[in-house]
Amino acid sequence: ENGAIWAGIETGGTSIVAEALLFSAPDDKEAQAAVQKGIGFLLGWLDKKKMEALTKITYDYRIWGHCLILQLFCYARARKAAGEHEAAVNEWIPKLVEIIRKEEHKGGGWNYAGAGSACFVTAPVLQSLIVARQHGENVPEELFERGREALIKNRLKDGGYYYGPRG
């Protein structure tokens, strides 16, 4: 289970870097080759047990990896930048939406590091689901509704938001 912590961090980090390269260097062949290599790396991780949907509250980061991979894959598909991985990316996008749906915390929001519904991860998960919906994926409205409620519930009196869940 401890290896899953690093799997989420590594896949999330790879997704962020690949997305940055996808958009910041669209005409740079080396950068776009790195994006495609990163997509291949991510596809390899998605088939591993360490990246399966997690439905219990525990110290784990795989949701972070799932949402960032989903966002990258949607953008790569739209920009026709997945190269030889196009079919696999197309196959994984709806699977990732389903994984994220399964990982939703009871009552809304998403777990981060075993603390329950946390703003730090709920907000980027919602952002990735927005991207997926904008790119034609079927994302249940209830996920957005419960996610918004979880964020609002975690708002501080001064209007800010705590990193994790509020007790």
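This is a guided tour of one protein chain, with a suggestion at each stop of what to select next.

**The whole chain**

Begin with everything displayed, and keep in mind that the model is predicted. With the chain coloured by secondary structure, you should find six helices and zero strands, which along the sequence gives the pattern α-α-α-α-α-α. The radius of gyration is 16 Å, close to the 15 Å that the globule rule gives for 167 residues, so the chain is as compact as a globular protein of that length. If you turn the C-alpha trace, its principal axes span about 50 × 30 × 25 Å. Buried residues make up 47% of the 167 residues, and among the contacts with a separation of 6 or more, 68% join residues that are 24 or more positions apart.

**Helix 3 and helix 4**

Next, select residues 62-78, which are helix 3, together with residues 86-102, which are helix 4. Two packed helices are described by the angle between their axes and the distance between the axes. Here the axes come within 9 Å and cross at roughly 145°, and the crossing is left-handed. Show the side chains where the two helices meet: on helix 3 the contact is made by I63, H66, C67, I69, L70, F73, C74 and R77, while helix 4 contributes V89, N90, W92, I93, L96, V97, I99 and I100. Sorted by class, this contact has 13 nonpolar, two polar and one charged residues.

**The nonpolar core**

Now select I39, L70, F73, W110 and L129, which touch the most other members of the largest nonpolar core, a set of 45 residues. Which helix gives the largest share of this core? The answer is helix 3, with 11 residues, although helix 1 (2-24), helix 2 (29-46), helix 4, helix 5 (119-134) and helix 6 (141-153) also supply at least two residues each. Centre the view on F73 and, leaving aside its neighbours within four places in sequence, look for its contacts with I39, L42, L43, L46, V89, W92, I93 and L96.

**Q71 on helix 3**

Stay on helix 3 and select Q71. Is Q71 buried or exposed? At 13% relative accessibility, Q71 counts as buried, because the cut-off for that class is under 20%. Not counting residues up to four places away in sequence, Q71 touches E19, Q127, S128 and V131.

**The loop between helix 3 and helix 4**

Finally, follow the chain out of helix 3 and into the loop that leads to helix 4, where K80 has its place. K80 has a positive phi of about 55°, although it is not a glycine, and at 74% relative accessibility it counts as exposed. Further along this loop is G83, which is partly exposed, with a relative accessible area of 36%. If you draw a distance from the C-alpha atom of G83 to that of G44, which is 39 residues apart along the chain, the separation should read 15 Å.

The last residue to select in this loop is H85. H85 is buried, with a relative accessible area of 16%, and, not counting residues up to four places away in sequence, it touches Q36, I39, G40 and L43. Two of these names may be familiar from the core stop, since I39 and L43 are also among the contacts of F73.

Notes:
Residues numbered from 1 in each chain as written. Predicted model: local features only at pLDDT ≥ 70, side-chain atom pairs only at ≥ 80, totals over all residues. Heavy atoms only, no water. Axes fitted to C-alpha atoms, helices over the stretch in contact; angles between N-to-C directions. Helix = DSSP H or I, 4+ residues; strand = E, 2+ residues; numbered from the N terminus. Left-handed = near helix turned anticlockwise from the far one by under 90°. Contact = heavy atoms within 4.5 Å. Nonpolar A, V, L, I, M, F, W, Y, C, P; charged D, E, K, R; others polar. Core = buried A, V, L, I, M, F, W, Y, C linked by side-chain atoms within 4.5 Å. Buried < 20%, exposed > 50% of the residue type's maximum accessible area, 1.4 Å probe, protein only. Rg over C-alpha atoms; globule rule 2.2 N^0.38 Å.
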